[in-house]
Amino acid sequence: SAYLDRIDAFNGELNAFITVDRQAAIAAATAADAQIAAGQGGPLTGVPIAHKDIFCTEGMRTSCGSRMLDNFVPPYDATVISRFRDAGAVILGKTNLDEFAMGSSNENSYYGPTRNPWDIKLVPGGSSGGSAAAVAAMLAPAATGTDTGGSIRQPAAFCGITGLKPTYGRVSRLGMIAYASSLDQGGPMARTAEDCALLLNVMAGHDPLDSTSSEQASEDYTANLNAPLDGLRIGLPTEYFGDGLDAATGERIKTALGELQAQGAELVEISLPNAALTIPAYYIIAPAEASTNLSRFDGVRYGHRCEDPADLHDLYTRTREEGFGDEVKRRILVGTYALSAGYYDAYYRKAQQARRLIRDDFLTAFNDVDVIAGPTTPGPAFPLGAKSNDPVAMYLEDVYTLAANLAGLPGISTPAGLVDGKPVGLQLIGRHFEESRLLNVAHRLQ
Ligand code: GLN
């Protein structure tokens, strides 16, 4: 009730939630009370969780921030959602996002932008901006997000919370509406690394219904939170501290790194020589995959359908014209172009080759260091509208986050203090399946 009351009081201004079902939440919480009284229940019994509106929830509208799915009520739960239900968690509501998770500011939502609770003139980041704002404003104790190129870490940084993108394949993608399938990964967003660990314990693990889900056993992610940092080797890529990084943000990051050093960690300068390829490679691969994934929204099977189509072609074109927003259309066009005969080798294949080089840079660096650290974003949150008419300026926001997705590596953003009253994040990237080390380092800093 306390969280629902805060949602009633502040969601009008913040627009963090798209859907809240007060009755269903109270009913689930009441059932949880009974379970606790009976000495039963799971690790999260009664804990209210906000879910990004990209995870299918049985019987509850799942819009993906799009007019296309404004009327879509899924007939099943995403695996992430059913795992939370099995753990006893209560669904508090569904949070706002950039349409189909395409964006870095939440301004691409059909439901209007979410606002940053630190200053409502600022964006909360994206695409999981609703989840980040909800946690930061204490409209929810914790939330889920998804990260294709930074969508958990960047809004976590802009809203002063902790967000973890797990290793690709660590968390099931079943029922998580697909943007770019080889990059998408769900993960926790919470106030602390410890809370993220508790959520990841529930989310992580093999799912036989997702063929890309890893069979490697998951762990108790809370077990190593307090491990000492003595001798930990932290790599600082030259490329992440150069041109383009706001000076005051760079200072905050160095201060945070100094605190880790004071706890016994060793700071080592490293290089990721292909770092300049990440934005061009990502902005070919992600739209290419999006263009194929979004072909299912055709007005026939589910979602929006135009009125009185004259014929099949009219049904497809008008449905998609009406259902998708500008950025989604831009991605579909770019992706379709990059995949078309005659251009495939020049763009898509080239981007895949660059992706391999980027991944190899990280694997080489991890021969020498245990984690890689740098800023999550080039600067703090920017004002609403500042970049919304300039797609390239918006894409540059993702310069430090995209590589972890291209390489399939886990990454976390943890608060690193304020710049002019605005939060900034320290990003830590780890070896495949070393989420527990990232949570450990973030926890020691918090
Ligand atoms: N900003 C990036 C994009 O627009 C990443 C989004 C995401 O991680 N879902 O594609």
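Visitor: Where does Ser151 lie?
Guide: This model is predicted. In it, Ser151 follows strand 4 (142–147) and comes before helix 5 (153–159). Its place is the loop between strand 4 and helix 5.

Visitor: Is Ser151 buried or exposed?
Guide: A residue is buried if 20 or more other C-beta atoms lie within 10 Å of its own. Ser151 has 36 C-beta neighbours inside 10 Å, so Ser151 counts as buried.

Visitor: Which residues does Ser151 touch, leaving out those up to four places away in sequence?
Guide: Two of the residues it touches are Gly145 and Thr146. The others are Ala101, Gly126, Ser127 and Ser128.

Visitor: Which residues does the UniProt annotation "active site" cover?
Guide: The annotation comes from an unreviewed UniProt entry. Ser151 is one of its residues. The full set is Lys52, Ser127 and Ser151.

Visitor: Why do they gather at one spot?
Guide: In sequence they span 100 residues. Yet their C-alpha atoms stay together, so they gather at one spot. No two of those atoms are more than 10.9 Å apart.

Visitor: Where is Lys52, and is it buried or exposed?
Guide: Lys52 sits in strand 2 (residues 48–52). Within 10 Å there are 32 other C-beta atoms. The cut-off for buried is 20 or more. So Lys52 in strand 2 is buried.

Visitor: Which residues does Lys52 touch, not counting those up to four places away in sequence?
Guide: Thr95 and Leu97 are among them. So are Ser128, Gly130 and Ser131. The list is completed by Thr144, Gly145 and Thr146.

Visitor: Which kind of peptide bond joins Gly126 and Ser127?
Guide: Ser127 is in the loop between strand 3 (90–95) and helix 4 (129–136). Omega of the bond from Gly126 to Ser127 is about 5°. The bond is cis.

Visitor: How many Å apart are Pro155 and Gly126 in space?
Guide: Pro155 is part of helix 5. In sequence, Pro155 and Gly126 are 29 residues apart. Pro155 also touches Gly126, along with residues including Pro124 and Ala132. C-alpha to C-alpha, Pro155 and Gly126 are 5.4 Å apart.

Visitor: Is Pro155 buried or exposed?
Guide: The test for buried is 20 or more other C-beta atoms within 10 Å. Pro155 has 39 C-beta neighbours inside 10 Å, so Pro155 counts as buried.

Visitor: How do helix 6 and helix 14 run, roughly parallel or roughly antiparallel?
Guide: The axes of helix 6 (residues 193–203) and helix 14 (residues 435–445) come within 9 Å. They cross at roughly 155°. Angles over 145 degrees count as roughly antiparallel. That makes helix 6 and helix 14 roughly antiparallel.

Visitor: Which residues make the contact of helix 6 with helix 14?
Guide: Helix 6 gives Ala193, Glu194, Cys196, Ala197 and Leu200. By class, the residues of this contact are 6 nonpolar, 1 polar and 2 charged. Helix 14 gives Glu435, Leu439, Ala442 and His443.

Visitor: How many residues of helix 6 are buried?
Guide: Helix 6 is mostly covered. Its buried residues pack against helix 3 (79–86), strand 4, strand 5 (162–165), strand 6 (185–190), strand 10 (411–419) and helix 14. The buried count is 9 of its 11 residues.

Visitor: How many residues of helix 8 are buried?
Guide: Helix 8 (residues 278–293) reaches 22 Å from its first C-alpha to its last. Its buried residues pack against helix 10 (326–339), helix 11 (345–365), helix 12 (391–396) and helix 13 (402–407). Helix 8 is mostly covered, with 12 of its 16 residues buried.

Visitor: How do helix 8 and helix 10 pack, roughly parallel or roughly perpendicular?
Guide: Their axes are 7 Å apart. The angle is about 100°. Angles of 65 to 115 degrees count as roughly perpendicular. That makes helix 8 and helix 10 roughly perpendicular.

Visitor: Which residue has a positive phi of about 55° although it is not a glycine?
Guide: The residue lies in the loop between helix 1 (2–14) and strand 1 (17–19). With 22 C-beta neighbours inside 10 Å, it counts as buried. The residue is Asn15.

Notes
Residues numbered from 1 in each chain as written. Predicted model: local features only at pLDDT ≥ 70, side-chain atom pairs only at ≥ 80, totals over all residues. UniProt positions renumbered as here; feature names shortened; annotations may be inferred. Helix = DSSP H or I, 4+ residues; strand = E, 2+ residues; numbered from the N terminus. Contact = placed C-beta atoms within 7 Å. Axes fitted to C-alpha atoms, helices over the stretch in contact; angles between N-to-C directions. Parallel < 35°, antiparallel > 145°, perpendicular 65-115°, else oblique. Nonpolar A, V, L, I, M, F, W, Y, C, P; charged D, E, K, R; others polar. Expected span 1.5 Å × (residues − 1).
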